[in-house]
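Hi,

Here is the structure I said I would pass on. Have a look at it first, then read my notes below.

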Amino acid sequence: MPIENKTIDRAAREMLQRTADDGVKTVWDRLEEQEPQCGFGTLGICCRNCLQGPCRINPFGQPDRGVCGATADTIVARNLLRSLAGGTAAHVDHAYEAVEALHKLSEGNVNYEIKDEAKLKEIASKLGLETESKDMGELAKEVAAKAFENFGGHGSEGLGWLEAWAPKERIDTWAELGILPRKADREIREAMHQTTMGMDADPVNLLLSCLKQGIVDGFAGLKLATDMQDIIFGTPKPVQTETNLGVLKEDHVNIIVHGHVPLLSEKVVEWARKLNNEAKDAGAAGINVAGICCTGNEVLMRQGIPPATNFLGQELALATGAVDLMVVDVQCIMPSVATVAGCYHGEIVTTMPITKIPGAEHVPFTLEEADEQAQKIVRRALESYQKRNMDKVYIPDEKVPIVAGFSVEAIVAALSKVDAADPLKPLVESIKSGDILGAVGTVGCNNAKITQDSMHVEMVKELIANNVLVVATGCSAHALGKAGLLHPDATVKFAGEGLKNVLTAVGEAAGLGGPLPPVLHMGSCVDNSRIGDLLTALAAYLGVNVKDLPVAASAPEPQHEKALSIGTWAVAMGVLTHLGLPPHVLGSAVVAETLTGEKIESLVGGKFYVESDPIAAAGGLIAHIKSKRKALGI
Ligand code: BF8
Ligand code: SF4
């Protein structure tokens, strides 16, 4: 495959030339080696859930059943539910780590603080806790106890986080459909049970459980994780920095934080700053920390740490020969990083008991000894720097300025500069007048099957040209950042007239001396909860339901099971959700048609929409937004 078809990112193209010249394999080479990929797997019609299998269904004839009698519909729906349970488990486990941190800090056992006391109080009172008579430690302990209740417990009680934050209309809808979740661990466990041999064979029943996993993901995963992280590390405010591989510095010790949970990466950032002088003693100009994937987003949003690249660029960052150490926690870490680092330079340090990689160093990370371990990791980077061969360093000269840090609080703060008494009013008025046609949240990954960043960038350019405001998270935000779309200049260059006027008015009122960017970076993948909060607030303000808003969601280049669980949550919230490539469900017409059809839309208000052409996808999303506007009479 020619390099131009692998990525639109110029830095990535340069590095791909380098890895090709050096005979170092990357994710794209391995995809080619896998091709043609298994047709049964692609269609979702293979099952290995018991030892009578593996079974596969012939889409064109016989056999049309597995050994046990399972049909293609059963197998596809079952496989999808297992994937969703995987994605949901990842987010819920992430949230658990963050709750545990709040609990331990409330007991004074760990060296983390409460950075956002106002958010802690706000969350506590939403949970029905009395806040006035208590100190922050006590309150944190009570909030952590309430948060823990979302994971396990007996009986059929529901998720406290959902009950406190989901719109009442949604709760009623989900209850009517029988998909109102109980505790998260129970639902994930039940999904695994439901999909074992000799269990549920009804594809529709399995799909309802899929929706339930999505709801668990949204509230006991995304929302819970974001809330805990905001309390401990602060709620993001706008920050300016740069992105792409050019943020690596030849004369600095370069440390990359990669993974998802900020408990470690925040400490690495803190200690890199504190130990900067030691780097000078080691002959470097200082320590430079850059991020990859969502932990990169977390430290970008709160600390202004520059993102080096997104998911598909993780090996390419190492191929610069300038990364002295890459420290990883959980999720989206390709095992190949150890191999690529071995070919160039740099140490890979794993830190979590459930994420070890052959060839990497393991430095266990615990909340109790977070400072010691972060120091150890930073000092290892200094040692690694001293072993770096400067002749083999090549850093592409590609970096672009970005603005990030748009939490809901930050967006409301900017809007309140236009109307202090009624901050949502200017946004709502602009939507009503048509200056802003609607909004799309672009989220999710890169996928080696799609030219890196191309779907994100081309689709979003088309959306903003048509006055659609875009909010972004995850690797989508990285992609858009690398393409210059997280910067006010892009508003001038690419936004339609109406959108440009609104963003300029708000940006100038907020004292930015120019427009807001046309794409607001709202954070990591768990921070999709911020998009949910914004939609909930907008719907409440307008007195309508979330499903009636002129909005849509899109994962243009989905890769991970987490992207599917997030997308399913969005559908359950009532939002049309675009995917740039289909999940492994096309082997069952029942499943594929249900996920994208009118039936699911009539039940929950949302559905999936698959389109692999970026301009056509933008057109589909715009048509949807227009139909919602029409229904609202605006
Ligand atoms: O949680 S967008 S490739 S990094 S899964 Fe992974 Fe996908 Fe990137 Fe973040 Ni989200
Ligand atoms: Fe085959 Fe049924 Fe076993 Fe799956 S559960 S492997 S379809 S026999």
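Before the sheet, a word on terms: contact here means heavy atoms within 4.5 Å, and angles run from 0 to 180 degrees between N-to-C directions, with axes fitted to C-alpha atoms. Keep in mind that this is a predicted model.

Now the sheet. It is open and has six strands, paired in parallel in the order β6-β5-β4-β7-β8-β9. At the edges sit β6 (307-309) and β9 (361-362), each pairing on one side only. Two bridges join β8 (residues 347-350) to β9 in the parallel sense, and H362 in β9 is the bridge partner of T350. Helix α17 (residues 370-386) lies across β4 (253-258), β5 (287-292), β7 (325-328), β8 and β9, and runs at about 135 degrees to β4.

Next, a helix pair. The axes of α11 (residues 203-233) and α25 (residues 561-573) come within 7 Å and cross at roughly 100 degrees, which means α11 is roughly perpendicular to α25. On the α11 side the contact includes C210, L211, F219 and L222, and these belong to a set that meets α25 residues including I566, W569, V571 and M573. By class, the residues of this contact are 10 nonpolar, four polar and one charged.

Last, ligand 2. What surrounds it? The shell consists of C47, N49, C50, Q52, G53, C55, G66, V67, C68, R78 and M197. Those residues split into six nonpolar, four polar and one charged.

Cheers

Methods: Residues are numbered from 1 along each chain as its sequence is written. Chains are lettered from A and ligands numbered from 1 in the order in which they are written. This is a predicted model: local features need pLDDT of at least 70, side-chain atom pairs count only at pLDDT 80 or more; totals for chains, interfaces and linings use all residues. Side-chain values use heavy atoms; hydrogens and water are left out. Helices (H or I, at least four residues) and strands (E, at least two) are DSSP runs, numbered from the N terminus. Angles under 35 degrees count as roughly parallel, over 145 as roughly antiparallel, 65 to 115 as roughly perpendicular and the rest as oblique. Ala, Val, Leu, Ile, Met, Phe, Trp, Tyr, Cys and Pro count as nonpolar, Asp, Glu, Lys and Arg as charged, and the others, Gly among them, as polar. A residue is near a molecule or strand if one of its heavy atoms lies within 4 Å of it. Two strands pair if DSSP finds at least two bridges between them.
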